[in-house]
Amino acid sequence: MRVGIIGLGLVGSAVSKRLGAAGHCVCGYDIAKPAREQAVRDGVHVKPDAAAVAAAASTLFLCLMDSADRRALLWGEQALAAALQPRAVLLDISTARPEDIVEDGKRLAEQGVRLVDVCLSGSSEVIGKGQALALVGDSKANAPYRGLLETFTKAQYFFDRPGEGNRMKLIVNMAFGLNRLALAETLGVAAKAGFDLHTVLDILKSGETYSACMDTKGPKMIAGVYEPPAARLAQHAKDVGLVLELAQSVGARVPISETHLRLLGEVMASGDGDLDNAAIFNAFQ
């Protein structure tokens, strides 16, 4: 099957590799030249612009940062919306504001195009191993693209309504981020108390305190090595901001996430926004 990908960064690159390895013909585009060059090396048929990707494929993945990027792509200078084929399907992997996906979906539906929020739970490393989760704002019965998702996810959860995939992704990312935050603060106290952090991490992983971030993020925190990133700290800060918006809209209290966003801001102010999100540990050093 011919599949398009717009946005060939960490996530887009991981998705394109899995699709290519499964035998799909992948074409794509990214505004960043280094990303385009890497995609060529990965076997992607890189197009000169987003419109050329739309001309080559009727099923497209959007791997962008947020709603603003999607809207700029669709109706801004690149004018992707005008280039889409009739009955095209846009599978938006971006973690964005749920209300925006609903509004943009209605606008695209007027020209016979489907926009579906297909949020992925898992870093680019997890996606690359085919172990991500797909959180989809659509009905399973209306998802002919499910086979594509199965190439890079181990399970797919359908929530029937547009925007619900995004809402669930924010809830999942909230737990991910708070696990990292708790680990970073714990290791920070242990370091100040003079303990060997490798021993501390082994103890935490051996008991009921265990969480998966101890495997993926703990070694990075201890080594202080946050490149290359599996998921950028600044991107998670954006997600936490959206979590706070969601919480406010449903009347939920989130004092820990409010503190988390403040700490993320401190680390980004030091210039660490492009590092792996394990760099939240820098807030405790």
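## Report on the predicted model

At a relative accessibility of 58%, Lys106 counts as exposed. The structure is a predicted model. Lys106 lies in helix α6, which spans residues 98-109. Between Lys106 and Pro162 there are 9.7 Å from C-alpha to C-alpha, although the two are 56 residues apart in sequence.

### The sheet

An open sheet is formed by 8 strands, and its order is β3-β2-β1-β4-β5-β6-β7-β8, with mixed pairing. The edge positions belong to β3 and β8 (153-158); each has a single partner strand, so one side of each is left without a neighbour in the sheet.

At the β3 edge, strand β3 (residues 45-46) is joined to β2 by 2 bridges, and the two strands run parallel. Gly28 has Val46 in β3 as its bridge partner. On the way to β1, the pairing continues: strand β1 (residues 2-6) and β2 pair in the parallel sense over 5 bridges. Within that pairing, Val3 stands opposite Val26 in β2.

Strand β2 (residues 25-29) has 4 of its 5 residues buried, so it is largely enclosed by the rest of the structure.

The connections on this side of the sheet are described by two units. β1, helix α1 (residues 10-21) and β2 make a right-handed β-α-β unit. β2, helix α2 (residues 33-41) and β3 make a right-handed β-α-β unit as well.

Strand β1 is also joined to β4, by 3 bridges, and these strands run parallel. Here Ile6 has Leu62 in β4 as its bridge partner. Strand β4 (residues 59-62) is covered on both faces: Thr59 and Phe61 are buried on one side, and Leu60 and Leu62 are buried on the other. The pairing of β4 with strand β5 (residues 89-92) is parallel and comprises 4 bridges. In it, Thr59 stands opposite Val89 in β5.

At the β8 edge, strand β7 (residues 132-136) and β8 run parallel and are joined by 5 bridges. Val136 stands opposite Phe158 in β8.

### Helix α4

Helix α4 covers residues 67-75, and its buried residues are Ser67, Arg70, Leu73 and Leu74. Viewed down the axis of α4, these buried residues fall within an arc of 130 degrees, so they line one face of the helix. At the start of α4, Asp66 places a side-chain oxygen within 3.3 Å of the backbone nitrogen of Ala68.

### Salt bridges

The structure holds 17 salt bridges. Three of them are listed here with the distance between N and O atoms.

| Pair | N to O distance |
|---|---|
| Glu150 and Arg146 | 3.8 Å |
| Lys217 and Asp276 | 2.9 Å |
| Asp239 and Lys238 | 2.8 Å |

The salt bridge between Lys217 and Asp276 links distant parts of the chain: Lys217 is in the loop between α11 (213-216) and α12 (218-223), while Asp276 is in the segment after α14 (255-269), 59 residues apart. Both Lys217 and Asp276 are buried.

In the pair of Glu150 and Arg146, Glu150 is partly exposed with a relative accessible area of 46%. Arg146 is partly exposed too, with a relative accessible area of 26%.

Asp239 and Lys238 are in the other category. Asp239 has a relative accessible area of 5% and is buried. Lys238 counts as buried at 19% relative accessibility, because the cut-off for buried is under 20%.

A network of salt bridges that share partners joins Arg70, Arg71, Asp92, Arg97, Asp100, Glu103, Asp104 and Glu245. One of its members, Arg70, is among the buried residues of α4.

### Lys220

Lys220 is found in helix α12. Its relative accessibility is 17%, and Lys220 therefore counts as buried. Leaving aside residues up to four places away in sequence, Lys220 touches Glu125, Val225, Tyr226, Pro228, Ala230, Asp276 and Ala278. Among these contacts is Asp276, the salt-bridge partner of Lys217.

How values were computed:
Residues numbered from 1 in each chain as written. Predicted model: local features only at pLDDT ≥ 70, side-chain atom pairs only at ≥ 80, totals over all residues. Heavy atoms only, no water. Buried < 20%, exposed > 50% of the residue type's maximum accessible area, 1.4 Å probe, protein only. Pairing = 2+ DSSP bridges. Right-handed = clockwise from strand over helix to strand, strands pointing away. Salt bridge = Lys/Arg side-chain N within 4 Å of Asp/Glu carboxyl O. Contact = heavy atoms within 4.5 Å. Arc of directions from axis to C-beta. Polar contact = N/O pair within 3.5 Å; in protein donor to acceptor, adjacent residues only side chain to side chain.
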